[in-house]
Amino acid sequence: MEELLISITKGLVDNPEQVSVDVNEPNEEGVTVYHLHVAESDMGRVIGKQGRIAKAIRVVMRAAATRNDAKISVEID
């Protein structure tokens, strides 16, 4: 899952070497939180107009997690 998030994000940004992901352990509800870190100059590219790109990233990640019977959340830091 982490590799999928990194590969999606690296295709969007100008500084792919600064993309990193931190993964938290599942909480009491069984939700694993992925914290996406990008360069400050790339934040607009990852979020998109009115958050559309960020929303699309979350949808793709949730769909992939569903195939693995997991619950995830993506936070862009």
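The paragraphs below walk through the charged, polar and backbone features of this predicted model.

Local features were taken at pLDDT of at least 70 and side-chain atom pairs only at pLDDT 80 or more, while totals for chains, interfaces and linings use all residues. Residues are numbered from 1 along each chain as its sequence is written, and side-chain values rest on heavy atoms, with hydrogens and water left out.

A search of the whole structure returned 1 salt bridge, a term that here requires a side-chain nitrogen of Lys or Arg within 4 Å of a carboxyl oxygen of Asp or Glu. The partners are Arg45 and Asp14, whose side chains meet at 3.2 Å, N to O. Arg45 belongs to helix H2 (residues 43-47) and Asp14 to the loop between H1 and strand S1 (20-23), so the pair ties together parts that are 31 residues apart in sequence. Helices (H or I, at least four residues) and strands (E, at least two) are DSSP runs, numbered from the N terminus. Arg45 is partly exposed, with a relative accessible area of 42%. For this and the values that follow, buried means under 20% relative accessible area, exposed over 50%, and partly exposed in between, using a 1.4 Å probe and protein chains only. As general background, side chains of opposite charge can pair when their charged atoms come close.

Charge also gathers on the surface: Glu2, Glu3, Asp22, Glu75 and Asp77 form a negative patch. Patch residues have over 30% relative accessible area and no salt bridge, with like charges joined within 9 Å and nonpolar side chains (Val, Leu, Ile, Met, Phe, Trp, Tyr) within 5 Å. Lys and Arg count as positive and Asp and Glu as negative, whereas His and the chain ends are not counted. Among the patch members, Glu75 sits in strand S3 (residues 71-76) and is partly exposed at 34% relative accessible area.

Two threonines each reach back to a backbone oxygen. Thr9, in helix H1 (residues 2-10), places its side chain 2.8 Å from the backbone oxygen of Leu5. Thr66, in helix H3 (residues 52-67), does likewise with the backbone oxygen of Arg62, at 2.8 Å. Their surroundings can be set side by side: Thr9 is buried, with a relative accessible area of 0%, whereas Thr66 is exposed at 53%.

A further polar contact joins the side chains of His35 and Asn24 at 3.2 Å. Such a contact is a pair of N or O atoms within 3.5 Å; within protein, one must be able to donate a hydrogen and the other to accept it, and residues adjacent in sequence count only if both atoms are side-chain atoms. His35 lies in strand S2 (residues 31-37) and is buried, with a relative accessible area of 18%.

Turning to the backbone, Gln50 has a phi near 55°, a positive value in a residue other than glycine. Gln50 is placed in the loop between H2 and H3 and is exposed, at 72% relative accessible area. Asp69, also not a glycine, has a positive phi near 55°. Asp69 is part of the loop between H3 and S3 and is exposed at 76%.

Finally, helix H3 also holds Val60, which is partly exposed with a relative accessible area of 39%. The C-alpha atoms of Val60 and Leu4 are separated by 9.3 Å, although these residues are 56 residues apart along the chain.

Terms used. Areas by Shrake-Rupley, 256 points an atom, 1.4 Å probe, with all protein chains shown as cover. Charge placed at Lys NZ, Arg CZ, Asp CG, Glu CD.
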